[in-house]
Amino acid sequence: MDFLTLDDIDIHGQRVIVREDFNVPIVDNQVQSDLRIKAAIPTIKQCLASGAKVRLLSHLGRPEAPDPKYSLLPVAQRLRQLLGQAVEFSANLVDTQAQITLYENVRFFQGETTNNLDLAKQFASLGDVFVMDAFGSAHRAHASTVGVCEQAKVAVAGPLLVQEVQALNKVMQQPQHPVLAIIGGAKISSKVAVLKALLAQVDFLIIGGGMANTFLAAQGLDIQQSLCEANLLDLAKEILNEHAEKILLPDDYIWFDHKIMDIGTKTLAKFKQYIQQARTIIWNGPLGVFEDPRFAHGTLQIAKDIAQSSAYSVVGGGDTLAAIEQANLTTSFSYVSTGGGAFLEYIEGQKLPAIQALINKRKYDITTH
Ligand code: ADP
Ligand code: MG
C-alpha cells in the first residue's frame with residue numbers, strides 16, 4: 001500500500017479520530033440496517049485494545065443544516081449494543097473524557113462538503129491521530145475525509161478501508177479468469193463509466209435491471225412502457241456492437257403494467273451457467289424492482305447463485321446491499337463492500353480523493369522527517 005495503516009503506528013494513550021461510514025437507513029429513530037456499523041466494530045476494538053481513546057466521525061444522509069431526522073444518536077445507541085460498552089454522544093466538536101465518543105453528523109457543521117479549512121482543523125483538534133476507515137466516503141473530498149487528513153499530525157488508513165481496497169484490487173488487478181461482472185440497477189446513465197471500465201477487463205458482462213431495457217430497445221425489442229433512457233439508445237448500440245461477444249442480456253422477463261420488472265426463469269438459468277463457470281465475480285445493482293417482493297425473485301436468485309459458486313465474489317452498491325440483507329446473504333460472498341458510489345468509482349479506476357490524501361500524507365511525512 002502507498003499509505004500508512006493503523007498497524008504501522010503506536011496509538012497507546014492517544015486520542016484517535018476515526019472516520020467511519022455510518023450512513024445507514026433510519027426510520028423512527030431506529031437503525032434499519034446495521035451492516036455498516038458492524039463493519040466498523042473491529043476497527044474500534046483494535047483501537048481500544050491498543051490503549052487508545054476513540055473519537056468517531058461520520059455523515060448521515062445529505063442534510064444541509066442540523067436536522068433531527070439526520071441525527072447520529074440512533075447510531076450511538078446501536079454502537080453501545082454492539083460493543084457492550086458506553087458510547088458518549090456529542091453534538092458539539094469538543095474534547096471529551098470518554099473512552100468512545102461519537103460526534104454528531106459531520107454534515108450538520110458548515111463547511112463539511114466544501115472542505116472548509118477551519119472545520120477540518122476543528123475535526124483534527126479532536127485527537128492526536130486521524131484514521132480514515134470510511135471507504136464508502138473516500139470518493140468525497142470533504143472536511144471530514146480529505147481536510148482532516150491534511151490537518152491531522154498523523155493520518156493513516158483503518159483496517160476496514162484497507163480490506164476494501166485489497167478486495168477490489170484482487171478482482172480488478174490480477175483476477176482469476178473467467179471474470180464475470182453483473183451490473184444491474186435502474187439506469188445506464190449513472191453507470192456508463194463503470195460499464196466501459198468493466199468491459200475493458202472482464203470476460204463476460206451480464207446486464208440486468210432497468211438498465212438492460214435500453215440495451216434491449218437498442219436491439220429492437222418492444223419494451224413498451226419499461227424504464228428506458230431514449231437519449232442513450234445510440235450509446236447502447238455502440239457498446240453492443242463493440243462488445244457483442246462479452247455482453248449477456250436477459251431474454252425473458254416478468255412484466256407488470258406493460259413494464260419489465262424482473263428477469264425471467266430462462267434468463268436465470270442462462271446467467272447461472274456463467275456464474276458457475278466464473279472464477280471471479282463482481283456484482284453491483286439489482287436485477288429487478290426488488291423492493292416489491294413480487295419482483296425480487298431474479299435478484300435474490302442471482303444472489304444465491306453467486307453465494308453458491310466457488311468464485312471469488314465481490315458485491316457492492318447501496319441497493320444491492322439492501323437486497324442481500326433482505327435475503328440474509330450478507331456473509332455468503334467473498335467480500336461485501338460497504339461502499340456505494342466509492343465502490344463504483346474505484347472499479348472505474350478513478351483515484352479516490354481521501355485515499356490520495358493518505359498517500360500524499362505519507363509522502364509529506366517521509367520528506368519532512
Ligand atoms: P445500487 O445502489 O446497488 O448501485 P442502483 O441504485 O443502480 O443500485 O439501482 C437500484 C434500483 O434499480 C432499485 O431501486 C430497483 O428498483 C431499480 N430497478 C431494478 N430493475 C428495474 C427495472 N426493471 N425497472 C425499473 N427499476 C429497476
Ligand atoms: Mg442505489
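In this short talk I will go through the overall build of one chain and then look at a single helix.

Please keep in mind that this is a predicted model, in which local features need pLDDT of at least 70 and side-chain atom pairs count only at pLDDT 80 or more, while totals for chains, interfaces and linings use all residues. Residues are numbered from 1 along each chain as its sequence is written, chains are lettered from A and ligands numbered from 1 in the order in which they are written, and side-chain values use heavy atoms, with hydrogens and water left out.

Let me start with the whole chain, which contains 13 helices and 16 strands, where helices (H or I, at least four residues) and strands (E, at least two) are DSSP runs numbered from the N terminus. Along its principal axes, the C-alpha trace spans about 65 × 45 × 40 Å. Of the 369 residues, 57% are buried, and by buried I mean under 20% relative accessible area, with exposed meaning over 50% and partly exposed lying in between (1.4 Å probe, protein chains only).

Now to helix H8, residues 233-242, in which Leu235, Ala236, Ile239 and Leu240 are buried. These residues cover an arc of only 135° around the axis, which puts them on the same side of H8, the arc being that of the directions from the helix axis to the C-beta atoms. The face turned away from that buried side carries the exposed residues Asp234, Asn241 and Glu242. What do the buried residues of H8 pack against? They pack against helix H6 (192-199), helix H7 (209-218) and strand E11 (247-248), with contact meaning heavy atoms within 4.5 Å.
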